[in-house]
Amino acid sequence: MDMKKRICLLCCVVGLLLPTTAHGQTVQASQNDLPQVLWVEGHRDIYITQPSSVEEFCDLWEQWWKTGKLAELGYGERDYSVTLYENENLTATAKKNYLVYERQNKIAVEYLSRDSETGKLIRTKEVVSVSPEIMGQIVQKLEGMYETYYLYDTFDMMRGVDLAKINELGMVLNEDVYVFQNAFIDADGTLQVSLEDWNTIFATQYGEMKNLIYQNGAIKNNVLPTNIPCQNINGKVYIPLREAVNHFGHLTMEWDKQMRKAVVIEKAVFEKQQEYWSEIEKVAESQK
């Protein structure tokens, strides 16, 4: 199975109720319980994949929608956009956009489909106005997500991904997503991955430079010794991913618990990203 996957988050929601009209009517999501994911688009991107998290947002949106009255949009750009993806032919496909126009006290649902003959994208939009109090709840929920979920720097995770596998243990390596074939989280909460997974994934971007081998009970980087611990389980060798990453000093590792992915990135790139967002936050704070 091809392990490499362009990323984005998702989940399998069972019998999820979604708003479908400006009057707040609902229908069952699908008889097939399609995998779903939410992409919160903003100055930094958030991907929400766990079923309970997706369901919570969609249920809240339905409640907000039911309080609204039919309206038309005025001039002005949206302030927030949340895209719902579902699988279509085993590939993530955008199905609708939840749009928030904070300054107009309006929210919209934009349905996305394609003409069966021309393949042209078709957009249909429904809009309601909500009270300032409801808009405050919506903005508070969306802003709170930036403190809750892992933030990606303009990272399109949805391209070509099979949503049925998005929540499996895996790794984001320099903005490419991979699913582990053999991995587990041990009793201490440590992510253990097989040597085969490590070598297969890192070879895609670094060739043999980061190849690890098991020899005489120890892990070596090609012929060089390392301090990476290991364990042999039923003839398969596992290593703690974080310690293996730390062995290579130019890499750093974060953890996206929503998507159950280790996020591994070049330290220099990570530090530049942190500096950039620190400056952005300073500017935003000064303008309050």
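This is a short talk about two nonpolar cores, a pair of helices and one strand in a predicted model.

Okay, hi everyone. Keep in mind as we go that we're looking at a prediction.

Let's start inside. In soluble globular proteins, nonpolar side chains tend to be buried together. Here, the largest nonpolar core has 29 residues. Which of them touch the most other members? Those are Phe 57, Trp 61, Tyr 98 and Ile 107. If you want to see where this core comes from, look at strand 5 (35-41), strand 6 (46-48), helix 1 (51-66), strand 8 (80-88), strand 9 (91-101), strand 10 (106-114) and helix 2 (132-148), since each of them supplies at least two residues. Helix 2 gives the largest share, seven residues. There's also a second core, separate from that one, with 25 residues, and among them are Met 171, Leu 173, Trp 198 and Val 237.

Now, back to helix 1 and helix 2. How do they sit relative to each other? Their axes come within 11 Å and cross at roughly 165°. Angles over 145 degrees count as roughly antiparallel, so that's what we call this pair. The crossing is left-handed. On the helix 1 side, the contact is made by Glu 56, Phe 57, Leu 60 and Trp 64. Helix 2 answers with Ile 134, Gln 137, Ile 138, Lys 141, Leu 142 and Met 145. You've met Phe 57 already, as one of the core residues that touch the most other members.

Next up is strand 12, residues 170-173. Are its faces buried or exposed? Both are covered: Gly 170 and Val 172 are buried on one side, and Met 171 and Leu 173 are buried on the other. Met 171 and Leu 173 are also the ones I named in the second core.

So who are the neighbours of this strand? Strand 13, residues 176-179, pairs with strand 12 in the antiparallel sense, over four bridges. Leu 173 stands opposite Asp 176 there. The two strands form a hairpin with two residues between them, and in that turn Asn 174 has a positive phi of about 50°. Strand 12 is also joined by four bridges to strand 22, residues 261-266, and these two run parallel. In that pairing, Met 171 stands opposite Ala 262.

Last stop: Glu 196, which is in helix 3, residues 195-206. Its relative accessibility is 43%, so it counts as partly exposed. The C-alpha atoms of Glu 196 and Phe 180 are separated by 9.4 Å, with the two residues 16 apart along the chain.

That's it from me, thanks!

Technical notes
Residues numbered from 1 in each chain as written. Predicted model: local features only at pLDDT ≥ 70, side-chain atom pairs only at ≥ 80, totals over all residues. Heavy atoms only, no water. Core = buried A, V, L, I, M, F, W, Y, C linked by side-chain atoms within 4.5 Å. Buried < 20%, exposed > 50% of the residue type's maximum accessible area, 1.4 Å probe, protein only. Pairing = 2+ DSSP bridges. Axes fitted to C-alpha atoms, helices over the stretch in contact; angles between N-to-C directions. Parallel < 35°, antiparallel > 145°, perpendicular 65-115°, else oblique. Left-handed = near helix turned anticlockwise from the far one by under 90°. Contact = heavy atoms within 4.5 Å.
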